[in-house]
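Thank you for making time this morning. I would like to walk through how the interior of this chain is put together, and then turn to one helix and one loop residue.

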Amino acid sequence: MDHVPGFCPSVSSGANGPATDESSSTDDGLCDAFGDLAALPVEVGERRPTCLRCRRPQKVCLCPFLPPQPLEVSTCLYVVQHPAEESRVLRTVPLLAACLPQGKCNVIVGRRFNEEKHPELAAVCRDSRTLILYPGPKSQNLEELVQYQEVGAVKHNVIIIDGTWSQAKNMFLKNSLFHLPKQVQLNRTLSSQYVIRTQPSNICLSTLECAAVALSILEHNDDIQEVLLRPLKALCSFQLQHGAQVHHSKEHLLKNGMYDKPMPKNKRKIKRMEKLVTDHNVCPR
């Protein structure tokens with residue numbers, strides 16, 4: 001039986017008869033010892049003070065790299081976040097939210113979404129102005145879609161799935177709501193600045209980077225991309241200065257013979273690895 005602090009197991013008779021006074025005295029001592037341990041105050045580790053705006057520890061606050069005032073945009077973002085991303089230390093969504101006005105970056109955490117449990121998200125998915133950023137054969141180039149639209153003429157909603165590529169793919173396929181909006185992708189040739197996390201390919205972007213590019217296109221303002229990427233670059237620079245390593249993409253490692261993990265035996269996984277080298281659609285990470 002496991003001993004719980006403060007709990008004294010009862011003394012039973014041994015094989016040779018009842019317990020002696022000496023053994024009773026010893027057990028009484030154990031009881032006192034357990035009682036003393038239980039009475040000790042529990043030390044709770046103090047969490048580092050956190051900046052309320054950028055959600056970073058105050059000692060490494062990134063607010064100096066954020067815009068002085070939230071960026072005025074007509075587009076409304078809906079970041080559908082896999083639960084695993086919520087606990088990551090170096091996530092980018094809090095930085096994105098800190099750069100935008102309240103209500104313009106809505107974060108919804110979960111794996112499965114339906115009309116009953118998420119009526120507001122369902123309404124957004126059914127809105128004709130809503131776009132979902134997800135590459136594929138049905139996706140339209142975002143720049144082509146909006147090139148003839150005037151700024152602010154259509155106040156788009158944009159859904160971005162926040163998770164690893166496999167998590168995002170799983171969430172997209174298993175949530176029928178995400179098949180309702182018009183599917184778009186980014187066809188700009190970009191290289192991710194988020195070098196402290198491994199990307200599947202050179203053109204896979206972090207959630208913040210995808211949002212930055214999408215907003216700059218929808219708002220017809222390239223300055224938005226520069227402003228939103230500033231805190232991300234500062235985050236990566238700080239981490240690299242303090243011992244973090246540059247994480248090359250799996251595509252880069254495969255092309256340069258640097259991939260040091262065992263190659264998968266599953267045919268589907270092998271095809272997925274091959275696709276990393278040949279697929280040129282910009283995808284969110």
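**The nonpolar interior**

In this predicted model, the largest nonpolar core has 42 residues, and those with the most contacts inside it are Leu96, Leu100, Leu142, Leu186 and Leu228. At least two residues of this core come from each of strand 1 (76–81), helix 3 (93–99), strand 3 (130–133), helix 5 (142–146), strand 5 (157–162), helix 7 (207–218) and helix 8 (223–241). Helix 7 gives the largest share, nine residues.

To see what surrounds one of those leucines, take Leu228: setting aside neighbours within four places in sequence, Leu228 is in contact with Leu71, Leu96, Cys99, Leu208, Ala212 and Leu215. There is also a second, separate core of 17 residues, which includes Leu121, Ala122, Ile161 and Ala168.

Ala168 brings us to helix 6, residues 165–174, where Gln167, Ala168, Met171 and Phe172 are buried. Why do they lie on the same side of helix 6? Because they cover an arc of only 130° around the axis. As a reminder, an α-helix has 3.6 residues a turn, so residues three or four places apart point the same way. The buried residues of helix 6 are covered by elements including strand 1, helix 2 (83–86), strand 3, strand 5 and strand 6 (182–185).

Finally, I would draw your attention to the loop between helix 7 and helix 8, where His220 lies. His220 has a positive phi of about 55°, although it is not a glycine, and at 38% relative accessibility this histidine counts as partly exposed.

Key:
Residues are numbered from 1 along each chain as its sequence is written. This is a predicted model: local features need pLDDT of at least 70, side-chain atom pairs count only at pLDDT 80 or more; totals for chains, interfaces and linings use all residues. Side-chain values use heavy atoms; hydrogens and water are left out. A nonpolar core is a set of buried Ala, Val, Leu, Ile, Met, Phe, Trp, Tyr and Cys residues joined through side-chain atoms within 4.5 Å. Buried means under 20% relative accessible area, exposed over 50%, partly exposed in between (1.4 Å probe, protein chains only). Helices (H or I, at least four residues) and strands (E, at least two) are DSSP runs, numbered from the N terminus. Contact means heavy atoms within 4.5 Å. The arc is that of the directions from the helix axis to the C-beta atoms.
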